[in-house]
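Have the sequence and the 3D view open side by side. Let's walk through how the two chains touch, and then look at some helices and sheets.

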Amino acid sequence: MPAAAPPPEALRAPLVVEFPFTRSLGPVQSAFLTGLRERTVLGVRTEAGGVLVPPVEYDPVTAAELRELVEVAPTGTVTTWAWNPEPRRGQPLETPFAWVLVRLDGADTALLHALDAPGPEAVRTGLRVRIRWAAERSGAITDIACFEPYEGDESTREREPAPHEGGFEEPVTGIVAPARLDYTYSPGRAQTRYLHGLAERRTVGERCPSCAKVYVPPRGACPTCGVATTDRVEVGPRGTVTTFCIVNIKAKNLDIEVPYVYAHIALDGAGLALHGRIAGIPYDEVRMGLRVEPVWSEDGRYPDHYRPTGETDADYDTYKELL
Amino acid sequence: MSRDVAIVAFAQSDHRRHTDDLSEVEMVMPVLHEVQRRTGLKAADIGFTCSGSSDYLAGRAFSFTMALDGVGAWPPISESHVETDGAWALYEAWVKLLTGEADTALVYSYGKSSGGSVRDVLTRQLDPYYLAPLWPDSVALAALQAQALVDAGDTDEPALAAIAARSREDARTNPHAQLPGARPQGGYAVRPLRTGDCPPVGDGAAAVILAAGDRARELCERPAWIRGMDHRIEAHSLGVRDLTDSPSTRLAAERAGAFDGPVDTAELHAPFTSQEVVLRKALRLDDSVRVNPSGGALAANPVMAAGLIRLGEAAARIHRGESDRALAHATSGPCLQQNLVAVLEGETRAR
């Protein structure tokens, strides 16, 4: 097969990475987030006497442990803003809004959130705003639905924050923050060629031009020599079990009965073993040296598993370097 | 023991909006080979290897281990990785050479942002309790900083547009740039930042080789000696910081010796035009200093490599004799959260 064949069309597939981050809270964070649930905003006083909102467990300047909670007002002043014409997934509002840093009355630092305003002309630094509470609150920063412009009672503006014990019924002790990121996966030159080969039920590795080792599947580089693998080499279809294990724990969403055998298989001509499941033989009869061949998946895109060929077992010396 | 360490070679890829045809290792390998070729070093000759990248960009777990395939890491090499910009990998390698445990080091980094949405991906680096649940994207946070600068009278939209235009005009002479040549500022991305105030999204890689003492002189005609390097970080919460200033940059610069004498060149890692305003103030750069002759991050911003590229570009100007004393800066995190400053010098040339 000539190495200079034109590169096949790049493959692409959607890839979603989704995970819930479960995090525990320190005593200050717990009081703050529980307070939001109860429509109460707490700050923490620093050694120097300032009030941090949102509050943190340790002083950002001195690193001292902070525990002295105070209650601040749900009204405040915009310290900077930015108009967001196209809200993105997960952001607090679905219609255009302003990102704002708001210094709540009684606080010395600012909190980041969204401001619901009709347009950028309605927003300025110094604007007075108040919290719009979410209808359903669970003890999270999103219990603040957003801020909204506020022209009302100014008496809270200069009021000293009142001490607060921070005690609430059923305090929240943790948060679960779901995260989802969407990607388009493209496997690159070597793996694209490999996947195109599999679609034709052929297993095609790539040879290192320096050490001549044939990598299956190829990843584009020889990790020993640090150079691009170039020549394409069809291997198999038959191979030898070099080592194996017996799986006794059923994996979630996997429709395979346990126990089953998962093996390293050195396809004939390959310079290293790949992974595969062994079937078509009782699990306790699988052995090192067993000769196997692929059984392709129904759509023919990849080997579903490998089964015995019936050949005599391979001699240990023929595969000992591939273990 | 005191040792002098220099950047002796630098290479970078062409930065592109998409690299669907390349895996990460396929993108990285050519720049690794280029710095090896320039120095004549092979993998086995290099005492320490350190890389910088983030799996979140392309959504591939442990992708840095795959990229390591391009180094030639067998038999096992002395190797490390940082999950941030490669400038911090260079810092680690510099320290390793200062200890005397190695005489040469390979540093590389790469970012393949095209597979995902980098604006959203970067929200995952934020405070998970108070910020990340709101998904404030990187452009939004930079825009809050820009508005604070406008309110303080430090800049305005025409001044920001001038920074964008100058950067991309300078990038005309940079064959690797993604956005060479000035272009319209466009509409607001997040007001007050327009599209032109924001960096391009793209993929790219970079590599440098460090060497100590006489080894550096053997490998490079005019090494770029690292006279000092330091990195510092701001308070975690954006609402605690004065977004119009960067005390961490100033402190890092002091510790790196940046104020001990004038520099002729500064490569600043300012992905947004407004951040150049902050950095110029923090670093006390006046108009006598050539800022970002490469075009900077506004012309090419492969996330995780763009900071290392600032160090590489500054060093390359010293290699070519176009600078005698240069400052290089790298940043990480929202609104210039963490900052690294290095001072590079070339030895006086023979007349």
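Start where the chains meet: 57 residues of chain A are in contact with 50 residues of chain B, and "in contact" means that the C-beta atoms of two residues, placed from the backbone, lie within 7 Å. Keep in mind that this is a predicted model, where local features need pLDDT of at least 70, side-chain atom pairs count only at pLDDT 80 or more, and totals for chains, interfaces and linings use all residues. Residues are numbered from 1 along each chain as its sequence is written, while chains are lettered from A and ligands numbered from 1 in the order in which they are written.

Which elements of chain A give two or more residues to the side that touches chain B? They are β1 (13–24), β5 (75–84), β6 (97–104), β7 (111–115), β11 (174–185) and α2 (188–199) of chain A. These names come from DSSP runs, numbered from the N terminus: helices are H or I with at least four residues, and strands are E with at least two. β11(A) gives the largest share, eight residues. Sorted by class, this side of chain A has 34 nonpolar, 16 polar and seven charged residues. Here Ala, Val, Leu, Ile, Met, Phe, Trp, Tyr, Cys and Pro count as nonpolar, Asp, Glu, Lys and Arg as charged, and the others, Gly among them, as polar.

α2(A) turns up again on a sheet of chain A. That open sheet has three strands in the order β13-β12-β16, with antiparallel pairing; two strands pair if DSSP finds at least two bridges between them. β13 (214–215) and β16 (232–235) of chain A stand at the edges with a single partner strand each, so one side of each has no neighbour in the sheet. Four bridges join β12(A), residues 203–207, to β16(A), and V204(A) stands opposite E234(A). α2(A) packs on this sheet, touching β12 and β16 of chain A, and its direction makes about 150 degrees with that of β12(A). Such angles run from 0 to 180 degrees between N-to-C directions, with axes fitted to C-alpha atoms, for helices over the stretch in contact.

Now over to chain B, and two of its helices. A residue is buried if 20 or more other C-beta atoms lie within 10 Å of its own, C-beta atoms being placed from the backbone.

| Helix | Residues | End-to-end C-alpha span | Buried |
|---|---|---|---|
| α4(B) | 86–98 | 18 Å | ten of 13 residues |
| α6(B) | 138–151 | 20 Å | 13 of 14 residues |

What follows each helix? After α4(B) comes G100(B), with a positive phi near 85 degrees, and just after α6(B), G153(B) takes a positive phi of about 80 degrees.

α4(B) also meets α11(B), residues 306–319: their axes come within 6 Å and cross at roughly 60 degrees. That makes the pair oblique, the label for angles that are not under 35 degrees (roughly parallel), over 145 (roughly antiparallel) or 65 to 115 (roughly perpendicular). G86(B), A87(B) and L90(B) of α4(B) make the contact with G307(B), L308(B) and L311(B) of α11(B).

Chain B has an open sheet too, with ten strands and mixed pairing. Its edge strands are β3 (79–82) and β10 (290–291) of chain B. Inside it, β4(B) and β7(B) pair in the antiparallel sense over nine bridges, and V107(B) has V208(B) as its bridge partner.

Technical notes: The expected span of a helix is 1.5 Å times one less than its number of residues. A residue is buried if 20 or more other C-beta atoms lie within 10 Å of its own, exposed if 12 or fewer, and partly exposed in between; C-beta atoms are placed from the backbone.
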